[in-house]
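Biologist: Could you walk me through this one, step by step? I would like to learn how its parts fit together.

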Amino acid sequence: MSKTKHYWKGIEEKENSPAFIKQKEKEFSDFIPVDEIFGKQSKNSSQTPRRDFLKFLGFSVTAATIAACEAPVQKTIPYVIKPEEITPGVANWYASSFFDGTDYCSVIVKTREGRPIKIEGNKLSKVTNGATNARVQASVLSLYDSARLKKPYKDKKESSWEIVDKDIKDKLAALAGSNGNIVILTSSVCSPSTKKAIADFTTKYPTVKHVTYDAVSYSGMLDANQQCFGTRVLPVYHFENADCIVSFGADFLTNWVAPIEHAVQYGKARKLDSRNKVAQHIQFETNLSVSGSNADFRYPTKVSELDAAIVCLYNALAKKEGSAALKCNPVEAKVMTGVEKTAERLWANRGKSLVVSGSNNAATQCIVNAINYKLANYGTTIDMNNASMVKQGSDADMAQLVKDMNSGSVAAVLMYNANPAYSYPTKDFENGLKKVKLSVSFSDKMDETSSLCNYICPDTHFLESWNDYNPQTGHYSLTQPTIRPLFNSRSAQESLLKWSGNDQDYHSYIKANWQAGMFGKQSMLVLFEDFWNRCLQDGVFIVESEIKPAEGVVAPAATMDIQAMATQVAKASEGKGKFELALYQKTGLGNGNHANNPWLQEFPDPITKIVWDNYVTMSPKDMDEMGLHTLLGQNEETNVVKLTANGFSVSLPAVPVPGQKEGTVGVALGYGRSKSIGKVAEVTNGANAFSFASFVNGNIQYAALNATLEKTEAVYQIATTQTSHTMMGREELVRESTLEEYIKNPKAGNEPEMVSVSEDIDPSKKLPSNKANLWEDHERNGNFWNMSIDLNSCIGCGACVIGCTSENNVPVVGKDEVQRVREMHWLRIDRYYSSDTTKENKELGVVARYAAMEKPSMADSLEVMFQPVMCQHCNHAPCETVCPVAATSHSSDGLNQMAYNRCIGTRYCANNCPYKVRRFNWFNYNNNDKFAAFNPAQQDEFSRMVLNPDVVVRSRGVMEKCSMCVQRIQAGVLEAKKQMRKIKDGDIQTACAQACPTNAITFGNSNDKTSDVAMLKEDPRQYNLLDSYDTQPSVFYLTKLRNKA
Amino acid sequence: MTLNFTLFRKIFQSTLFLLLLNIFFITALYAADGEKLFKANCKACHTTTSAKLTGPGLKDVEKRIPSREWAHKWVHGSQDLVKSGDAYANKIFQENNNSIMSAFPALSDADVDAILDYVKVAAAAAPIPTAGSANQTSVSDGTTTESGIDTEYVLMGLLVVLIILVLVLGGLKKTLQDAVNKKHGLPTEPDLGPVDSIKVWFSRNKRLTALGVIVVLLWGMKGCWDSLSQIGVNQNYEPEQPIAFSHKIHAGDNGIACVYCHFGAEKSKTAGIPPANVCMNCHKAITSGTKTGTKEISKIYASLDYDPNTQKYGPNKKPLEWVRVHNLPDFAYFNHSQHVTVANLECQRCHGPVETMDTLKQFSPLTMGWCIDCHRTTEVKMADNPYYEDFHKNLMKKFEAEGEPNKKITVETMGGTECNKCHY
């Protein structure tokens, strides 16, 4: 199968222009920005005479020699009184919970000497099941962000808590006395104690109203559920129970509703189990999303037709059922075919299917509910009896609030976890805020909203705070501080309590709440202290009695007029322009909350592989028509286009994305943040796309149907990792097959390459290439560390990339250096597009066929594959043989080891590495001023605390690469030795394996025949990258199977 | 923890000698019994001086208490006395933060008397710790005065003597030659001066000169090589510490186990410098040192903002800044627990005879070669640890196949000299 396909990482690679070939031959750009390092004057003005030069040379050699002789005196400072729980050098782990109003995740936090340094998933949680995503992994760096406010602010000037507290209390009392409206504006709150604190505040000031507003709203779904089921909540989805998953524009794997939960469930659904079953995934979408990339069938659909396609699907199912059809706008023929095929598949999987939509139109969501009801999915894949609390915002409430603010009827507004000045579609919020007498922000940054407020009472970071959460019915979790507050900040809840006249700290407040509420919901533990400690230790507390059985839902259709809904949907989809704009959230940056996090800014977007920038994604065909440059490469400039929609326009570079629906463009939200939120945001370009959103049918739509595009004269340089470290067109990288063929032949798509052996033996005989071996094998007497990567499970989300960055002190190099192919990530995720070259096109003739195949616009059946690539730890490593100083060598337990201190930087190893996984360290990223803005994790006095003390911060001039988290291996082995036991499978996890939400990465000792990795090594799908090179890597892959049935 | 109170023993012995000459002859006999009893029962909380521990110092106690009978009652059960409303009992109970003194009903009245006698004797003999006494001997004094003259000076002296000898002999030779020449009527050799004569010697002995030059060059190169290889090696580094802490007194004389203070060694990568609160486990009671009196110990108190008289901690704590003796570079990962807990190595194996050092010095070179040497020769005790089971089986199979069934399994055999066992 794979033989008939052509794989390419970027259009430029596919076209293989001479310029690109020349460029990719150079793995390392040799350009060194001398001017930027020495400043401008060095070039022209200053001159060094030869004699001076010699003098300096002599002097510095002598100085260096003398300096080298005397070791500096190093101080060692012990604790005065050592905290009982800390042993210097031993990590402590605390269970906690992450919730930023968008993502919820139960986590465990690794601390060293009282500093949080790494976040991992909490396996005890039945909500997130030990999974994380890139944003959660990166949140530890945000703790040390030195741009966080260090004090409360009054009228934009630093103030003190005493003054701020007194002022606000007085003003609130005065407002409450005069019956002035006070509004607490928050993003979704799923913390019971926070809700209680707000309730207490309301008791004290009866005019308080609580408005919930989510930056990216799910109000339409909530309203739909209100209409259908009478409760304004989101259901709990169970993708793992679905055999057929259909999504209309919902990127449920990285952003939609509860992406971490969905990713775990999707991983289970897509793992090939003993029944040889893999869930089928069908996606209708405009932009190419991570979820869409994983789909077995993907139908590029215009934004305006997405909702109509849902109605068509309803009609197709109604036809099968024999019930009445709805009024429906026509959709494109290709999409219609897709809808009909999808209806077939869904009908066949009734009760085991799931249809979701990313639309924020309540009417559309009502029809989606009706479809799911028709398919009997409630009770199996959708649990409406239990609620997911992570999204609660109401667009109608927010619109009303903005109206009231502008009419001057709101006297005070207190904002927690909400930044509407940035994310509200219109300027009305900002204008209204000016009319409010008392505005208080709890933001920990001088952001768009807080900079407009009278008072800023900075909230603590989640790693410094206490909190509790109730993300789903019956599931509770706690947040506990892992470090004292770094700055003079105070949790928002404590501020609210204080202003309601309660001087209790938030910790004891939560504890009292739990004693009164949670404690009685269990009978295991008799003493509250024991119960509390248990909950803190576990991080989670599950109340089984609150969790209702999923079965039995009232028919939604009975309570609403579905025909009217269809009419509304049809109306909302009218008025098409030349282009349609679909706004989306990036996997790393999301809604822009974490825009000042350099790890997330340098995290390559899973689809475009672009870092540090916002851009317009376009179909290459449209770009060709407009005469825009489609070949990006590293040093190619993109054309800037002016995008206008909904009376707002921005100029952004245009980037080709082969999966983009023709006639549509995509722009990511989360960019264009205020420069005052930090240095990283300051150096990031891009515009705020929230302004393109608009209210339709009472809810915010993240799309515009009337967009126009203009080509401008400007060109812009973007940085992409798309074509860096390409494997130079070597074949046999990705292997795939279909489920059908796999059932017939488990080795389908994974046939070994045969090579002829020496002629004098037997010219007719051929051997599998990996059996033709010139090397001696290593002995493996002890452990043999192996890693398996299941391409069927990998969704390309990139949690592993950030997990690795955090664990291994990987420097951030900034956009400029990424342009020179110098990104330092030890782990990259290669994204391959593939287009079919099967016989269907044969009639075109060879040249025409290839030409046709290479026009991505023709590739409606475009397929995408993700492949995480790190050092393969070859047992016959090409790098080891060429190192002149033996800095890289092989260990007895199967690792390719790199001794940085021995490395002299010849880069021979990288040149000889067929996988291009070695990274050369060009600069002292940890103290070169050029990187101060991007690389605070190694330079900023606060952010440096995030460094893992067990891993060296590499210096200039050495090669570095994935070590398979050898520090974790060593720690795990030592623990087993100390406890005098064998290593258990799962004791040792690499950072990437641990971060993976879908368990695509399995690490273990393959000499232990009972281990998971040993079994996967025997799997018929197992293959090595570039098998014919016979490098015998310790990392192996499992072929991807698509469910094309 | 075994504390060997040599200080007290010495004091007592000398006191006893004095007392024999004194009129307190009989009292002292009681006191001998009293000493034992005092040490067994009272010493944990009381001193014989006026210094306060948990309880008050007992110097001149008899002058303060109402009577010996009162003391008997107090010792047998102080709380009964307090509750009975006894004025003095209540006074001292309050003075000592209402901390209840343990009752000693087993001590007879005679025992209590003996203790009181001993306290009287001991208090009279105890040296008064003053600031001056701390200056008596600084801890490092004992170590620096070793042999009289350094060998280097001897050699240099010899060299000077030899040079003079050579010059004298040269002069003598020349005089004799002149005399011989004169006798034979030959012209005297011109007086060339020292430099020219050396030049002449070189030109006459070319082979020897060449050989000499080569030897000197080689010697110089070796010197360069040796000194280069010593860069960054700080063996015998013996810095002055902020507190004249003596490992000899603590680990040697008093036999305190290393891991009592360096508790990280068994479970962490670092052995750790003990925090000041660990010092206080003993130094709450031991307020005065053997050699330095209160001078050095008071630095611990200063760090903790602790007042030994009121036994209260203040808020102004500041950490002690010790000078780090053993500095492994950052790129080398070393884990104490691997060596102490798993391999069961003695601390002295790397740190040397710490228990004999007053000022700590770096005993081992801590070079990579030194690490590797040990890893190459140290045998791994595989039989005791199930972790190694499979490893052991596989290796034994291999050794038997190779015909060396008794081959040693060293750390190196296990991969213990591979780069990323220590560098990552």
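Modeller: Happy to! Keep in mind that this is a predicted model. In it, S193(A), T194(A), A197(A), I198(A), D200(A) and F201(A) from helix 8 of chain A meet Q493(A), L496(A), L497(A) and W499(A) from helix 18 of chain A.

Biologist: How many of the residues in that contact of helix 8 with helix 18 of chain A are nonpolar, polar and charged?

Modeller: Let us sort the residues where helix 8 of chain A meets helix 18 of chain A. The charged group has 1 and the polar group has 3, while the nonpolar group has 6. In the order you asked, the answer is 6 nonpolar, 3 polar and 1 charged.

Biologist: Are helix 8 and helix 18 of chain A roughly parallel or roughly antiparallel?

Modeller: Helix 8 (residues 192-204) and helix 18 (residues 492-499) of chain A have axes 9 Å apart and pack at an angle of about 25°. An angle under 35 degrees counts as roughly parallel. Helix 8 of chain A is therefore, with respect to helix 18 of chain A, roughly parallel.

Biologist: Now to chain B. Which word describes how helix 15 and helix 16 of chain B lie to each other?

Modeller: The axes of helix 15 and helix 16 of chain B are 10 Å apart, and the angle between these helices is about 130°. Angles over 145 degrees would count as roughly antiparallel, and 65 to 115 as roughly perpendicular. Helix 15 and helix 16 of chain B are therefore oblique.

Biologist: And how many charged residues are in the contact between helix 15 and helix 16 of chain B?

Modeller: On one side are A276(B), C279(B), M280(B) and H283(B) of helix 15, and they meet I297(B), I300(B), S303(B) and L304(B) of helix 16. The residues of this contact include 6 nonpolar and 2 polar. The number of charged residues is none: there are no charged.

Biologist: Which helix of chain B gives the most to the side that touches chain A?

Modeller: The contact takes 41 residues from chain A and 48 residues from chain B. Several elements of chain B each supply at least two residues, among them helix 15 (276-283), helix 16 (294-304) and helix 17 (336-342). The one that gives the most, with 5 residues, is helix 20 of chain B.

Biologist: Which residue of chain B stands opposite K75(A)?

Modeller: Here a strand of one chain pairs with a strand of the other: 2 bridges join strand 2 (residues 75-76) of chain A to strand 3 of chain B, and the two run antiparallel. Within strand 3 of chain B, the residue opposite K75(A) is V323(B).

Biologist: Back in chain A, how many of the residues of strand 27 are buried?

Modeller: On one side of strand 27 of chain A, T664(A), G666(A) and A668(A) are buried, and on the other side V665(A) and V667(A) are buried too. Strand 27 is largely enclosed by the rest of the structure, because the buried residues number 5 of the 5.

Biologist: What is the bridge partner of L583(A) in strand 27 of chain A?

Modeller: Strand 27 of chain A pairs with strand 22 (residues 579-584) in the parallel sense, over 5 bridges. It is also joined by 3 bridges to strand 24 (residues 616-618) of chain A, running antiparallel, where V616(A) stands opposite V667(A). The partner of L583(A) is V667(A).

Technical notes:
Residues numbered from 1 in each chain as written. Chains lettered and ligands numbered in written order. Predicted model: local features only at pLDDT ≥ 70, side-chain atom pairs only at ≥ 80, totals over all residues. Contact = placed C-beta atoms within 7 Å. Helix = DSSP H or I, 4+ residues; strand = E, 2+ residues; numbered from the N terminus. Pairing = 2+ DSSP bridges. Axes fitted to C-alpha atoms, helices over the stretch in contact; angles between N-to-C directions. Nonpolar A, V, L, I, M, F, W, Y, C, P; charged D, E, K, R; others polar. Buried ≥ 20, exposed ≤ 12 C-beta atoms within 10 Å, placed from the backbone.
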